[in-house]
Amino acid sequence: MHLPHRILRTALLLLTLAWLCVAASAQPGEGTLRVGSKRFTESYILAELLAQTAAPHTASPPVVRQGLGNTAIVYEALRSGAIDVYAEYTGTIALEILKGSPTETREAMNAALAPLGLGVAVPLGFNDGYALAVRADDAERLGLRTLSDLARHPELKLGLSNEFIGRADGWRGLAARYGFTQTPTGLDHGLAYEAVAAKQIDAIDIYTTDAKIDHLGLRVLEDDKKYFPRYDAVLLYRLDLPARLPKAWAALQALEGRIDERAMIAMNARAELQSVPFDAIARDFLSGTGNSGKAQPKEVRRGFTAKLFGPDLWQLTRQHLVLVAVSVGVAILIGVPVAILVFSHVRLRAAVLGVASILQTVPSLALLAVLISLLGAIGALPALIALTLYSLLPIMRNTVTGLAEVPNGLRMAGTALGMTPPQSLRLVLLPLALPTLLAGIRTATAIAIGTATIAAFIGAGGFGERIVTGLALNDRELLLAGALPAAALALLSEGIFELVEMMMRRRRRAPPLSPLP
């Protein structure tokens, strides 16, 4: 059959062009500073601080890639050149990135990072270490003052962030040092505060500059066996940055020592307790109005309506639509021809559908992390590849099912009329299989709309940006402001597909026109 081969070649060409266009549009120019952040409040604020500090000294506005995920993803983005700089912590660099000793000096870190084209510089002036915290009333009742005291109460439930559980300087080493026997529950860092306040868990890991420690009346337990190293905030950057953007780098160096722990806690509090936007917090700090170390009392929290219909709504909608439309469109162009080619080969068909089924079971964040490593890029390109792979299974399976449901009598009728195999496919098989195929596209679109929210974890935009930020801030309204537009888009797509199917049913039921006398 020549038709499927032509369709497949066209699909691959369009796929390449689409991804190249997206990749090209996603890459800022050489004169642009690209700043990254992890997925917690402080990192969001520091990314804005870096960007706004450098902005007057760059030819184009800095690009801020917020909420890229955990250390592994942000570090991979830096190594690949997708970002130029982000705020990191010395303990994380020494233990998690370099797998070395917590006592490594900055000079030793730079010596180890230099072969990778990376460096450490500009200590910002504060230490944000790991610690464990419990409710103050439990601390009083059980006499909990140190981590050793906590280890003597195995009945207490621990809820720890997933990154802390897996880190080299995290739970496993801590449990070995203190003899903890509990199996902790993995939680998002922002949600852990709500869980401990609701008494669903008894102890959580915290960053020592978190604003909610005092707000929720938590007791930080002393690290009496000195397990945790210092986590001094520094800049982890690409070594070509000072030469490429010397004025911007000089401005960033001026931040050295400017942020103490009181100021950082106050900035975190404005974000988490008063819902002040990250860019406004950074702007106030740089202008001197946010340097007092105190939260601003007169600020009014943004309401749900303001968050839902914020100025970023159209941009996020456009990004989400592009992710869904391109990924599903490419999946159609690939999946339908492949399904047609393998349909008559039972074993090959089973193998191809099996591979597509396996891809469907791979966790989205794991797939994105692998794609970032393979492609050396973050943003739209790995997100589009992941969404395309997830869309293939329902499209291919429904194409095969639709072709299998065509009655043998109709197949034979086409042959009896002298149709060639491509003609039979185009005029008989595909039209009859179209309703089932369309149902597969409908399912793929629904999957893509939901999964596209994960793309925000690697800087691809979409409604997931609000969801990721809402998780970091434990802001339910912001979470809803991201989830509701995604749900509305899903309902809209369902309505469109329902309308198309209704028109197809009417067309099939319509009687043929009688010939003119």
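# Exercises on a predicted model

The side chains of R34 and D84 meet in a salt bridge, with 2.7 Å from N to O, where a salt bridge is a side-chain nitrogen of Lys or Arg within 4 Å of a carboxyl oxygen of Asp or Glu. The structure is a predicted model, in which local features need pLDDT of at least 70 and side-chain atom pairs count only at pLDDT 80 or more, while totals for chains, interfaces and linings use all residues. Residues are numbered from 1 along each chain as its sequence is written, and side-chain values use heavy atoms, with hydrogens and water left out.

## Exercise 1

Task: place R34 and D84 in the chain, and decide whether they are buried or exposed.

Solution. Begin with the elements, bearing in mind that helices (H or I, at least four residues) and strands (E, at least two) are DSSP runs numbered from the N terminus. R34 belongs to strand β1 (residues 34-36), whereas D84 sits in the loop between α3 (71-80) and β3 (85-89), so that the pair links distant parts of the chain, 50 residues apart. Next take accessibility, for which buried means under 20% relative accessible area, exposed over 50% and partly exposed in between, with a 1.4 Å probe and protein chains only. By this scale both R34 and D84 are buried.

## Exercise 2

Task: describe the salt bridge of R141 and D138, and find which residues share its network.

Solution. The side chains of R141 and D138 come together at 2.9 Å, N to O. Because they are three residues apart in helix α6 (residues 136-142), about one helical turn separates them. Their surroundings are then read one by one: R141 is exposed, with a relative accessible area of 58%, while D138 is buried, at 9%. Through shared partners, salt bridges join R135, D138, R141 and D202 into one network. A search of the whole structure finds 21 salt bridges, and another of them is formed by E163 with R167, whose closest N and O atoms are 3.3 Å apart; R167 counts as buried, at 3% relative accessibility.

## Exercise 3

Task: explain why the buried residues of α18 line one face of the helix, and state what they pack against.

Solution. Helix α18 (residues 346-361) has 16 residues and reaches 23 Å from its first C-alpha to its last. This is close to the 22 Å expected at 1.5 Å a residue, the expected span being 1.5 Å times one less than the number of residues. The buried residues of α18 are R349, L353 and A356. Seen down the axis of α18, these residues fall within an arc of 55°, and therefore they line one face of the helix; the arc is that of the directions from the helix axis to the C-beta atoms. The face turned away from the buried side carries the exposed residues R347, I358 and T361. Finally, the buried residues of α18 pack against α17 (313-342) and α20 (380-404), contact meaning heavy atoms within 4.5 Å.

## Exercise 4

Task: classify the ring pairs F40 with Y207 and Y130 with F228, and locate each partner.

Solution. The structure holds twelve aromatic pairs. Rings of Phe, Tyr and Trp (its six-membered ring) pair if their centres lie within 6.5 Å, and planes under 30 degrees apart count as stacked, over 60 as edge-to-face and the rest as tilted. The rings of F40 and Y207 have centres 4.8 Å apart and planes at 40°, so the pair is tilted. F40 lies in the loop between β1 and α2 (41-54) and Y207 in strand β8 (residues 203-207), so this pair ties together parts that are 167 residues apart in sequence. Both F40 and Y207 are buried. For Y130 and F228 the centres are 6.1 Å apart and the planes at 35°, so this pair is also tilted. Y130 is in strand β5 (residues 130-135) and F228 in the loop between β9 (218-220) and β10 (233-238), 98 residues apart. Y130 is buried at 7% relative accessible area, and F228 is buried at 13%. Ring pairs link these four residues with others into a cluster of F40, Y89, Y130, F164, Y207, Y227, F228 and Y231.

## Exercise 5

Task: locate K99 and S275, and state whether each is buried or exposed.

Solution. Most residues other than glycine have a negative phi. K99 has a positive phi near 55° and is found in the loop between α4 (90-97) and α5 (106-113), where K99 counts as exposed at 57% relative accessibility. S275 also has a positive phi, of about 55°, and is placed in the loop between α14 (261-274) and α15 (278-287), but S275 is buried, with a relative accessible area of 7%.
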